[in-house]
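Please look over the sequence and the model below before reading on, and keep both in view as the text moves from one place to the next.

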Amino acid sequence: MTRLLITKTPKCYVGGAFIRSESGRVAPLHDASGAFFANIPQCTRKDLRNAVEAAAKAGPGWAKRSAFNRGQILYRLAEMMEARSGELTEAVALGGTSKAEASREVAASIERVVHYAGWTDKYEQILGSVNPVASTHFNFTVTEPMGIIGVIAPDDSPLLALVSLILPAITSGNCVVALASSTQPYPSILLGEMLATSDLPGGVVNLLTGLRSEMLPTFATHEHLRALSVAVNAADRKTLKLGAAESVKRVNLLKAEEPIDWFSDKRQGVEEIRALIEFKTTWHPVGA
Amino acid sequence: MTTMPAATAPTSLRRLFDEIGTVDQVGIEERVAKFTTRSLKKKSKVFGLRLAVSMVDLTTLEGKDTPGKVASLCQKALRPHDIGDIPPTAAVCVYPAMVKHAKKHVVGTQVKIASVATAFPSGQAPLKTRLAEVHAAVNDGADEIDMVINRGAFLSGEFGRMQDEIAAVVEACGQSTLKVILEVSELETYDNIRAASFLAMRVIRPGDFIKTSTGKTSSNATLGNNQVMLEAIRDHFLATGIPIAMKPAGGIRTAKQALHFLIAVKETLGDDWLNNRRYRFGASALLNDLVRQLEKERTGAYQAPWNFSDATEGY
């Protein structure tokens, strides 16, 4: 007996829920052979606005979690990805990447998550400090998350690049609103499903799909985004810099037109975390 | 919502329904669902947002209110934002004890002082005490009095007592405008809301208000109960020519919600009610969101909450 085909409606993960775009628009996604694969939500600047609101709700709670608990949750995300690594591999291979290469990208992505899961309760010891001062003060510096971070992933390495941009932000208690690869969005749809089962509070990571050109100006000017961590081309970088200057936000810009080795150890580590935190120094009077 | 069908209601209520008609609950809910689907383009949106700002009764009704907090609220009402040409709100709404502190900040401006009175929010005090509270607020300079109806009297069918009490408060108000709070969540059904609206409208003066709720119970102003009251005002106006004003209160926190309510007013009562003499919003958090959206329209960039006063979180 033939079974009725049960096809999946890919949805974006925003505020802990799976949403369609508020616009109702979708864009067809084709595999490397040109065959229709699925309709992907084509999000708008209003979806971006809603995602920022969701992140703002989730932020204070996520930042207040203990560092150890954040690590546990990120490790569970790696567990969820590991359990569905076959599916992730097929998603990455949709765009024409070979199965072997896709499998390598998925493994590297999972390891990157574990890498940052380990950092959650360690970066503070390295980045914070007790400072020698000339007066009778105990002077120390601690880190604080910045707030809501905008992430724009490049088209290539649709899973590894996205994970590499998101993870250092949430490790320290930031929230993320991320726009996935425009040409290969499907791995981000799966990543959303794994985030949903990873104990990560809803709204900490919000994943949008759609046209970069439509949402980029809003990423640039939205005042509630405190920083941008992106890999885009030169023209887009200019738009982001201009908007970021207007809204006074930090920018970490990678050049998408040049090859980026996302597998490299240089694309992970405490410096990536450091790029998305604020330092707070306290002067505490002590007896002479 | 527990229902008390008109057919099984007390005799006094049944007689009233024979006269004013009952409410089609399904019809009302389908009607109000449509209000949220209108597409407002920029010019209309800015008009609506500015209008909504001018209709806000900026409210603080907490045990921890202080003269200092009321003073800053009055400044906010007079000048909701330091950039841009944003109108002042309609009024500041406070407890009677705070009226004299608020009044001195708004003397000579178009911002009015409203005061809840009559043992707000329960109304469970002797009539003499409630009237004394109204007198005290009026003497301290309250331009508007927000009273609560005697829900106990209404629900037990003592309509005469309920109306007499409202009439007594009307008298105590003198020149001050009266707003009659029905406390819709305690009336439970749309039929009851319509009945209470009519009973109140028959004893108040033209230009006085009926108001949904105190904001102190679990459910507050919704598009549904707002619509029932707007239609009661319309039917009363068509029958008598007396215009009654309307104030939804509680639970309206976002600019988008406020625009939905204004669409309901426009499409039910028309342009004559689109001003702050005929329609108000009882709210505290709403003003910040209205200003935030106006700033978004002015600058083209989505705004962070910390750019506006009263934002609590810095995240």
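In this predicted model, the largest nonpolar core holds 92 residues, and B:Val92 and B:Val180 are the ones that touch the most other members. Leaving aside residues up to four places away in sequence, B:Val92 is in contact with B:Leu58, B:Leu73, B:Cys74, B:Ala77 and B:Ala102, and also with B:Val106, B:Val111, B:Ile113 and B:Ala114. There is also a second core, separate from this one, which has 80 residues and includes A:Leu77, A:Leu165, A:Leu167 and A:Ala227.

From the cores we can turn to the backbone, where a general expectation is helpful: most residues other than glycine have a negative phi, and most peptide bonds are trans. In chain B, the loop between strand 3 (112-116) and helix 6 (127-139) contains B:Pro121, and the peptide bond that leads from B:Phe120 to B:Pro121 is cis, with an omega near 0°. The loop between strand 3 and helix 6 is also the place of B:Ala119, which has a positive phi of about 55° although it is not a glycine. B:Ala119 counts as partly exposed because it has 16 C-beta neighbours inside 10 Å.

A positive phi is also found at B:Glu183, a residue other than glycine, where the value is near 50°. B:Glu183 lies in the chain B loop that runs between strand 5 (177-181) and helix 9 (184-187). Is B:Glu183 buried or exposed? B:Glu183 is buried, because 24 other C-beta atoms lie within 10 Å, and the cut-off for being buried is 20 or more.

Key
Residues numbered from 1 in each chain as written. Chains lettered and ligands numbered in written order. Predicted model: local features only at pLDDT ≥ 70, side-chain atom pairs only at ≥ 80, totals over all residues. Helix = DSSP H or I, 4+ residues; strand = E, 2+ residues; numbered from the N terminus. Buried ≥ 20, exposed ≤ 12 C-beta atoms within 10 Å, placed from the backbone. Core = buried A, V, L, I, M, F, W, Y, C linked by C-beta atoms within 7 Å. Contact = placed C-beta atoms within 7 Å.
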